[in-house]
Structure formats: C-alpha cells, structure tokens
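Q: I have a structure open and would like to go through it piece by piece. Could we begin with one residue and then move outward?

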Amino acid sequence: HVYFDLKDAGGLVHVVFFRGAATCQRLGVQNGMEVEVQGRLTVYEVQGRYQVNAVTLRPVGLGEQQRRLEELKLRLQAEGLFNAERKRPLPPFPQRVGVVASKDSAAIGDFLRVLGRRHSGIHILACHATVQGATAPASIAAAIRALNGRCDVIVVTRGGGSKQDLSCFNEEIVARAIVESPVPVISAVGHERDVTIADLAADFRCSTPSAAAEQVVKAKTELEERLNNFSMRLISLVQYRVQGEQSRLDRLLATPSMVTPQYQVDRRMQHWEELDMRLRESVCPKVERLSQSERELRLRLAASLPALSSRANVLLNQLGARLTGALPQRVMQEKGRLELASSRLSRAGAGLLPQAQARHEALRMRLEALSPRGVLSRGYAILLKEDGRAVRASTDVEPGESLRALLASGEIEAEVRKATATKEE
C-alpha cells in the first residue's frame, strides 16, 4: 500500500492507495510531482479524519514547487555554491560552537547532550531561529549572520519532518547566508534521506543533530583514543621492563656473593693484605739501591763540574767563530735554492690548477646527482614516519597513520588513507 498527501495552494488531503506500490514504482512517483487521482472519499475512524481511497493515479508532471526548487538548485550550482573546492575544512579543536535551532526543539537537546558527553569544555552559543513556516528562511539566515565572528564553527539543525516542513531550508537566502559565513557551517537537517539546499551549500553535512555533535569533536575524540593507546603501550612497556629488572635482581640476590657478603669481603681484604706485603718486600730494597746510586752520582758530578764547564766554554767559542764566518755564504746558497724551487713550483702549479679545477667540477656534478636533494628537485619526496624512519614499502604504514613528506623545498604533513601492497616482479 502507498500513503501520501495531496497538496495545492488551498489545502491538503490524505490519500491511501491500496495495492498501489507497483503502480507508483512504475510511474516513478516522487515528492513534488503533480498527479491526478481518482477515488472515493472515506473516513479513517482511528484518527477521525477524511481521506481519499485512490483507485487510479496518473502523473501530470512536476509540481510548481518542485520545479522552482530544481531551477534554484541549478542556478546556485552554476554559481559554484555547491562546489567541493569552495568548502572549508572543519576546525579540529573548536573552542566555541554556534548552534542555529529552535529553542524548544528536540534537535538542540540531542546536540547539547551528545556534545556535553563527548567534550564538556566547549563553549556553546545557541541562537534561536524559526525552522518552519513562511518566516523561517529569514530567521535562519539572520541567526547564522548573528553568530559570524563569535565562534569557530556553526551548526544549523532541526529534527525530521515532511518535505513541506523542511522547505525553509531550500530557500536561496539560507544558502547564501551559509556560503557567506566566515567560519565553516555544518548542516544537520532532517534525516539521512532528506537532502536540502542548505545541506548542499554547507561545508559539511550530518544526518542527525547527534552526528553533528560527534563530528564537531571528532578530532579531539580521535586524539584521546590515540593518547589512551599510547598510554596503555607505555604502561605495558614499563611493566615489562620492571619485570625484567626484578628478575635480574632476584638472580643477583641468589648468587653466593649476595647470600654471604661478609665472606666475600673478608676474602678480598686478605688478598689485598698479601699484595701489600709482597709489594713492600720487592720494592723497598730496590728503592734503597737507587738512593745509594743517586748519592754516588751527585758526588762524582760535583767533582768533575768545573773541568767540564771550562772545556764547554772553549768549544762554544770555537763553534761561534766558525759559524760567523760560514753563515753569509750558506745563506746565499739556501736563498738560490729557494728561488729555484719557487720557480719550479710556480710552473708546475700553473699546469696542475686547470686539471684540479676540472676534476673538482666533475666530482661536484657527480655528488649533486647522487644527493637526495637533487632527487627531490625532480619531483620526488621522502616519506618519514613519526619516529623519523623512512617509508620504503606500503607495508611500513597503516591507514590513518600520520607521515611527513620531505620535498626539495619544505615539507608536508600527510595522512595514510589506504596502504596497498604491490606484487614484486
């Protein structure tokens, strides 16, 4: 069976089309389509309302409201309001979150409850707006503009409803207010199946208000999970190290030296005393003999010192005279040899310098070709993990892992989305 409403400018009537599912599917009946229905008027006693029991259904064409909606979508899309390139990323750690919703709606309650459970430290700026009726589009747009500059992200939300109930989110004024907002806007209107122009213009779309609250603090939640994982790994590592050190301590305490330490100390003391006695017995006689030899040498030196001093003076005078006569001639010889060597060195250097320069240039070019910076300048990059190790294969990384890409100029932070291993030839 199929249940739907027929609406025109003057009113609305409920319709039930028994066993009409196949017919509606074949005709492609959808919301906003203009149809012609033949049937009989009946009363649904359970709810006390009139309804039409449809016998036949024939599509006339798209309704005027649906036609205007499609035209608006095409026009806004042509202006680029729905382009993914225009949409801004959500802030990872927002401090102030603006919420546009009806103050009495269940949507704002769901949003605040989930956000408070996930992250109670965020400051919430709630701006009331009418989310149904003729004045709703202007009210929603005014609320969005009122929150501009006062928060890090804006959430526009309301609960589910019929297509007519959500029509205020299909207005151009709402779409332009979302696009003109200087901060990112999240749209959480209706249910998963409901897609409005506000959803298409928003920077991010969520299916429900609760999903929007989770998306706002998604980065913080992921960071907390990573910190918890690191904390658990660190605790496990410390416990493992403590257990290993405890085992080593137990083994050391079980050794004989630790069981009877005084016995070991006594043995060491006895050994040191024996060494001291042997040292005294072997060194003292030698010291006495050396002292006697020193005294004898001092006496002999004192007796022969005057004669040696006189002979040394005579020899010094003779050497000084010979050196004074031969010094000028020797200086001239050495000067000539120095000038000849300098001339030869200059001629040899003039020939070797170009060869050395050419060899230096060739080595420099080979070094630049082998340099990692040279490879990077040709468009390649080096991927580094958080511990600084280079990534050499796709099996070295996991999805969601953060990487650092070194380029020829600067570096880029990246995240692994998918790691696929390729078969080696």
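Q: Is Asn53 buried or exposed?
A: This is a predicted model. Asn53 has a relative accessibility of 10%, and buried means under 20%, so Asn53 counts as buried.

Q: Where does Asn53 sit, and which side chain does the side chain of Asn53 join in a polar contact of 3.2 Å?
A: Asn53 belongs to strand S4, residues 49-62. The side chain of Asn53 makes its 3.2 Å polar contact with the side chain of Thr42.

Q: What else does Asn53 touch?
A: Leaving out residues up to four places away in sequence, Asn53 touches Val16, Phe18, Gln38, Gly39, Arg40 and Thr42.

Q: Now the strands at the start. How do S1 and S2 run?
A: Strand S1 (residues 2-7) and strand S2 (residues 12-17) run antiparallel and are joined by six bridges. They form a hairpin with four residues between them. Within this pairing, Asp5 has His14 of S2 as its bridge partner.

Q: And S11 with S12, how many bridges are there?
A: Five bridges join S11 (residues 402-406) to S12 (residues 411-415), and these strands run antiparallel. Arg404 is paired with Glu413 in S12. This hairpin has four residues between its strands, and Gly410 there takes a positive phi near 90 degrees.

Q: Changing topic: what is the order of the strands in the five-stranded open sheet?
A: The order is S6-S5-S7-S8-S9, with parallel pairing. S6 and strand S9 (204-205) are at the edges; each has a single partner strand, so one side of each is left without a neighbour in the sheet.

Q: How many bridges join S7 to S8?
A: Five bridges join these two parallel strands. One pairing is that of Val156 with Ser187 in S8.

Q: Which strands does H4 touch when it packs on the sheet?
A: H4 touches strand S5 (96-101), S6 and S7, and its direction makes about 170 degrees with that of S5.

Q: Back to S7 for a moment. Is Arg158 buried or exposed?
A: Arg158, which lies in strand S7, has a relative accessible area of 9% and is buried. The side chain of Arg158 reaches the backbone oxygen of Val131 at 3.0 Å. Setting aside residues up to four places away in sequence, the residues that Arg158 touches include Asp165, Phe169, Ala188 and Pro209.

Q: What about the largest nonpolar core, how many residues does it have?
A: It has 33 residues, and those with the most contacts inside it are Val100, Ile140, Ile144, Ile154, Val156, Phe169 and Ile178. Elements that give two or more residues to this core include helix H2 (64-78), helix H4 (136-147), strand S7 (153-158) and helix H5 (172-180). H4 gives the most, with six residues.

Q: Why would such residues gather together?
A: In soluble globular proteins, nonpolar side chains tend to be buried together.

Q: What is Ile178 in contact with?
A: Apart from its neighbours within four places in sequence, Ile178 is in contact with Arg88, Ile144, Val185, Ala198, Ala201 and Ala202. There is also a second, separate core of 17 residues, which includes Val99, Ile108, Ile186 and Val216.

Q: Last one: which residues of H5 are buried?
A: The buried residues of H5 are Val174, Ala175, Ala177 and Ile178. Viewed down the axis of H5, they fall within an arc of 160 degrees, so they line one face of the helix.

Definitions and conventions: Residues are numbered from 1 along each chain as its sequence is written. This is a predicted model: local features need pLDDT of at least 70, side-chain atom pairs count only at pLDDT 80 or more; totals for chains, interfaces and linings use all residues. Side-chain values use heavy atoms; hydrogens and water are left out. A nonpolar core is a set of buried Ala, Val, Leu, Ile, Met, Phe, Trp, Tyr and Cys residues joined through side-chain atoms within 4.5 Å. Buried means under 20% relative accessible area, exposed over 50%, partly exposed in between (1.4 Å probe, protein chains only). Contact means heavy atoms within 4.5 Å. Two strands pair if DSSP finds at least two bridges between them. Axes are lines fitted to C-alpha atoms, for helices over the stretch in contact, and angles run from 0 to 180 degrees between N-to-C directions. A polar contact is a pair of N or O atoms within 3.5 Å; within protein, one must be able to donate a hydrogen and the other to accept it, and residues adjacent in sequence count only if both atoms are side-chain atoms. The arc is that of the directions from the helix axis to the C-beta atoms.
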